[in-house]
Amino acid sequence: MTMTTKTSKDAAKFSEKLPSCVLCHAIRDIRAKKKAKRFKRLWPSFSYQNFRVEKELSKDGGAVWKASFPTLEKRIGVPIVVQSYQEKYLEMLLSGQAKQGSAKLVRHGRDWYILLSLTISVEEKQGKKIMGVDLGLIDLLVASVNGQTLFFSGKGLAYTRRHYAELRHRLQKAGAYRALVRLGDKEHRWVTDVNHKISKALIDFAIAHGVTKIRLEDLTGARWTNPQRKEQRKDHGRSLHYWPYYQLRKFIEYKAALAGIQVELVNPDLTTLTCSRCGEVRRSRPKGRWFKCPRCKKIKHIDVNAADNVAQAVSGLAA
Ligand SMILES: [Zn+2]
């Protein structure tokens with residue numbers, strides 16, 4: 001069953017296979033994109049009335065998840081692969097705790113995926129316990145709340161990035177275009193997976209310490225991977241400074257939202273130069289691993305000091 005549509009004419013051809021309600025959606029999507037010069041594909045989408053997720057019990061007691069949607073001949077129920085972290089949300093959908101939005105059927109390679117949007121109402125956590133998260137100079141990420149810290153060193157990540165960079169370089173030399181695309185996909189999946197793991201650990205840590213608000217540095221403008229930048233081109237993926245923070249931030253934001261934790265972005269300007277204990281501002285960036293305060297003599301790990309400054313929003317909130 002192919003349901004890929006490229007133009008509204010194509011979409012009309014599918015009237016043989018798809019019921020009009022689904023087709024309307026596809027055509028509406030095309031009309032909305034009329035001004036775009038070209039678009040690759042349009043996937044069939046279903047409104048919440050047409051699409052259903054069902055759960056059946058198999059003979060051995062396990063759960064079989066199915067997606068049920070109409071085709072012109074009949075309504076069909078297709079078994080779907082559900083990851084354990086997704087099950088929680090589908091259970092919420094079945095119990096009525098989550099509201100279903102539209103669903104889209106999308107093919108990637110040989111596999112078909114369902115993109116399903118859900119609306120979940122979450123009670124916001126009460127209280128005032130703020131965790132600061134610093135995208136560190138030494139470590140990839142450091143979180144700090146009331147003297148409790150969580151470090152992600154990123155050492156193994158730098159190694160894997162170098163490995164990918166070397167492979168990419170060799171394939172480029174050989175002009176192996178398709179292999180390059182495959183490598184790019186693989187690296188992207190790896191990065192996404194790492195960002196999921198980091199954000200999950202971070203939110204688990206926040207929940208365990210009763211955090212009600214997370215403050216993050218707004219560094220997306222400064223260090224988000226930008227292929228136009230000279231340093232980026234020279235970097236060849238060697239430095240952690242070009243880790244895709246924007247994606248990581250988005251993951252942290254939605255996982256925090258699901259846990260009822262607020263997220264605020266802060267201005268990063270003085271976070272590495274300020275003493276988080278007495279507020280003294282140093283003129284130059286401290287060298288090495290430790291922040292030594294010239295006034296109150298406090299010595300702190302440089303990234304923890306910065307994370308505590310982020311928690312206090314010493315340079316104010318991001319505009
Ligand atoms: Zn001080």
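## The zinc site

In this predicted model, the residues that hold the zinc ion follow the spacing C-x2-C-x14-C-x2-C along the chain. The protein donors are the SG atoms of C275, C278, C293 and C296, and they lie 2.3 Å from the zinc ion. Seen from the zinc ion, the 4 donor atoms subtend angles of 106 to 114°, and the arrangement is therefore tetrahedral.

Two of these cysteines can be described by how much of their surface is accessible. C275 has a relative accessible area of 2%, and because buried means under 20%, C275 counts as buried. C278, in contrast, is partly exposed, with a relative accessible area of 26%.

## An open sheet of five strands

Another part of the model is a sheet, in which 5 strands are arranged in the order 9-8-7-10-11; this sheet is open, and its pairing is mixed. Strand 9 (148–152) and strand 11 (262–266) stand at the edges, where each has a single partner strand, so one side of each is left without a neighbour in the sheet. If direction is ignored, neighbouring strands of this sheet are turned by 20° against each other on average.

Strand 7 shows what the mixed pairing looks like in detail. Strand 7 and strand 8 run antiparallel and are joined by 3 bridges; V133 has A143 of strand 8 as its bridge partner, while D134 stands opposite V142, also in strand 8. Strand 7 and strand 10, however, run parallel and are joined by 4 bridges, and I130 stands opposite K213 in strand 10. Of the 5 residues of strand 7, 4 are buried, so this strand is largely enclosed by the rest of the structure.

## Helices on the sheet

Which strands does helix 5 lie across? Helix 5 lies across strand 7, strand 8, strand 9 and strand 10, and its direction runs at about 175° to strand 9. Helix 8 also packs on the sheet, where it touches strand 8, strand 10 and strand 11, and its direction makes about 145° with that of strand 11.

## The nonpolar cores

The largest nonpolar core has 29 residues, and those with the most contacts inside it are M131, V133, L141, L202, I214 and W243. Both strands and helices contribute, since at least two residues of this core come from each of strand 7 (130–134), strand 8 (141–145), strand 10 (213–217), helix 4 (155–174), helix 5 (177–208) and helix 8 (245–258). Helix 5 gives the most to this core, with 9 residues. Apart from this core lies another, of 11 residues, and among its members are W65, A67, V82 and A103.

L141 gives a closer view of the contacts around one residue of the largest core. When residues up to four places away in sequence are not counted, L141 touches V133, D134, L135, G136, L150, F151, F152, I198, L202 and L248.

## A histidine in strand 13

Is H301 buried or exposed? H301 lies in strand 13, which covers residues 299–301, and it is buried, with a relative accessible area of 10%. Leaving aside neighbours within four places in sequence, H301 is in contact with D139, F151, R289 and W290. F151 is thus a residue that appears twice in this account, for it is also among the residues that L141 touches.

Methods:
Residues are numbered from 1 along each chain as its sequence is written. This is a predicted model: local features need pLDDT of at least 70, side-chain atom pairs count only at pLDDT 80 or more; totals for chains, interfaces and linings use all residues. Side-chain values use heavy atoms; hydrogens and water are left out. A nonpolar core is a set of buried Ala, Val, Leu, Ile, Met, Phe, Trp, Tyr and Cys residues joined through side-chain atoms within 4.5 Å. Buried means under 20% relative accessible area, exposed over 50%, partly exposed in between (1.4 Å probe, protein chains only). Contact means heavy atoms within 4.5 Å. Donors are N, O and S atoms within 2.8 Å of the metal (3.2 Å for Na, K and Ca); water is not among the atoms, so sites may look incomplete. Four donors count as tetrahedral if all angles lie between 85 and 135 degrees; four count as square planar and six as octahedral if opposite donors are over 155 degrees apart and all others between 65 and 115; anything else is irregular. Two strands pair if DSSP finds at least two bridges between them. Axes are lines fitted to C-alpha atoms, for helices over the stretch in contact, and angles run from 0 to 180 degrees between N-to-C directions.
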